[in-house]
Amino acid sequence: MSAADEGEDGLLARILLTRVVEPGDETGGRWVRELGAQAVVRRLRERGGPLPGVSGKRWAGMLARAERADPHRDLAVAREAGARFVTPGTTEWPRQLDDLGDARPLGLWVRGGADLRMWALRSVALVGARACTEYGAHMAAVLSAGLAERGWVVVSGGAYGVDGAAHRGALGSGGATVAVLACGVDRPYPRGHTGLITRIAEQGLVIGELPPGDHPTPSRFVLRNRVIAALTRGTVVVEAAHRSGSLVTAGAARRLGRHTMGVPGPVTSGLSAGVHELLRQEAVLVTDAADVVELVGDMGELAPERRGPVLPRDLLEPAGRQVLAALPAHGAARAEDIACGAQTTRDDAIARLYELRALGYVERHGDGWKLTRQALTSARGGPDAR
């Protein structure tokens, strides 16, 4: 049974399990796959014997966690913070996360107005050193802005250094960005990035596996990286020492069959040593956004199949259709003008534009957005429209 078939009880069961099972726990993931989330929760609530694959000591710890868990409260706190819980099999779930197998998240807490599945269709991870150099911060910001200008969503971890520069580069160019946190999405971390993460939630998306209020740990940072790798079409590493966590992300991307890329740095810099080692292996050297797009775009157009009875425009919500209708028939328009025509905010308009970009309706040209040829004939009804 998929999460989409589990209903409200299944949703609450998965929320409870986020308090019991650590991110990436393949044993817990196997239980959910084989028995279903509700059956696992019943076993925990009834204080039954250990499920296969865990010791008695570990099971006792899980029982204690389950006893304290309150999924109704977690859901209420999340909604107060403007977050929702997206589960596998539902409309907004990015199917590429299923490549993680039993290490797939039980669900994702999502804060922000955009559609996560649509944004993930055209996304690139940009990660690197926390204690980066000015060169690293500059390259991250320039790459991010260039990707955003080409209609790609930039995904990173919200940390200091390269992550922060990547997010700021996308935001500064009016683009889309996603922060994947190793803590509750209502609890920005690091605290020095509270303003940045709040801004990302307004213009982009903030997502994470852990329930509201939960704190990060070293192991959770490492496990968070698998989500960044699986969610995106490829991972770019900008500055990384030999033991950098960003190399873990690149390694996960490689194992998942995603593209891995690296930005070279000075051979005298220890912060570029990890990237250079990556480049000596399977990673591809990139120096600008055009290099990245050339690689991740090789798979072809990422929009859904357009033939058959279900057309891409059928996937649009009313808000998306309203933004689409606000674009001029000819030429480009700024996000501010589109927002005005659609009677919404600039941030919401940008979110919808990136969803429309994933479906092939619009394309970005510098600071403006314009309709594609497909949109002129399909999204607005084509020559046979009445």
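## The largest pocket

Strand E3 (123-128), helix H10 (218-231) and helix H11 (245-255) each supply at least two residues to the lining of the largest pocket in this predicted model. Helices (H or I, at least four residues) and strands (E, at least two) are DSSP runs, numbered from the N terminus. H10 is the main contributor to this lining, giving 6 residues. The space in the largest pocket comes to about 270 Å³. It has 18 lining residues, and the closest to the centre are Arg130, Asn225, Ser244, Gly245 and Ser246. Sorted by class, the lining holds 9 nonpolar, 6 polar and 3 charged residues; Ala, Val, Leu, Ile, Met, Phe, Trp, Tyr, Cys and Pro count as nonpolar, Asp, Glu, Lys and Arg as charged, and the others, Gly among them, as polar.

A word on terms. On a 1 Å grid over the protein atoms alone, a pocket is an open set of points with protein on both sides within 12 Å along at least five of seven lines, a cavity is a set of points where a 1.4 Å probe fits but cannot get out, and lining residues have an atom within 4 Å of a point. Grid points are joined across faces, edges and corners, and a volume is the space filled by probe spheres set on the points.

## Cavities

By this rule there are 3 cavities of 30 Å³ or more. The largest cavity has a volume of about 130 Å³. Its lining is made of 17 residues, with Glu22, Pro23, Gly24, Leu106 and Glu209 nearest the centre. The classes here are 6 nonpolar, 5 polar and 6 charged.

The second largest cavity measures about 60 Å³ in volume. Among its lining residues are Pro23, Leu108, Val180, Leu181, Glu209, Arg220, Arg224 and Val227. Strand E5 (177-181) and H10 are the elements that give two or more residues to this lining, and H10 has the largest share, with 3 residues. By class, the lining of the second largest cavity has 7 nonpolar, 1 polar and 3 charged residues.

## The nine-stranded sheet

Now for the sheets, in which two strands pair if DSSP finds at least two bridges between them. One open sheet has 9 strands in the order E1-E2-E6-E5-E4-E3-E7-E8-E9, and its pairing is mixed. At its edges are strand E1 (83-86) and strand E9 (284-285), each of which pairs on one side only. E3, already met in the lining of the largest pocket, runs parallel to strand E4 (residues 153-156) and is joined to it by 3 bridges. Alanine 125 stands opposite valine 155 in E4.

Helix H1 (residues 7-20) lies across E1 and strand E2 (108-111) and runs at about 100° to E1. Axes are lines fitted to C-alpha atoms, for helices over the stretch in contact, and angles run from 0 to 180 degrees between N-to-C directions. Contact means heavy atoms within 4.5 Å.

## The three-stranded sheet and H16

A further open sheet is formed by 3 strands in the order E10-E12-E11, with antiparallel pairing. Strand E10 (333-334) and strand E11 (362-365) are its edge strands, each pairing on one side only. E10 and strand E12 (residues 368-371) are joined by 2 bridges and run antiparallel; here arginine 334 stands opposite glycine 368 in E12.

Helix H16 (residues 346-358) lies across E11 and E12, at about 115° to E11. H16 also packs against helix H9 (residues 194-203) at an angle of about 65°, with the axes 8 Å apart. On the H9 side, the contact is made by Arg199, Glu202 and Gln203, and on the H16 side by Arg346, Asp347 and Ile350. These residues divide into 1 nonpolar, 1 polar and 4 charged.

## Backbone details

Two loop residues deserve a look. The peptide bond from tyrosine 189 to proline 190 is cis, with omega near 0°, and proline 190 sits in the loop between E5 and H9. Glutamate 239 has a positive phi of about 65° although it is not a glycine; its place is the loop between strand E7 (234-238) and H11.

## Confidence and conventions

The protein chain has a mean pLDDT of 90, and 91% of its residues reach 70 or more; pLDDT is the predictor's confidence in each residue, from 0 to 100. Over residues 299-311 the pLDDT stays under 50, and the model has 24 contacts beyond four places in sequence for this stretch. Residues 379-386 also have pLDDT below 50, with 15 contacts in the model beyond near neighbours in sequence.

Residues are numbered from 1 along each chain as its sequence is written, and side-chain values use heavy atoms, with hydrogens and water left out. As this is a predicted model, local features need pLDDT of at least 70 and side-chain atom pairs count only at pLDDT 80 or more, while totals for chains, interfaces and linings use all residues.
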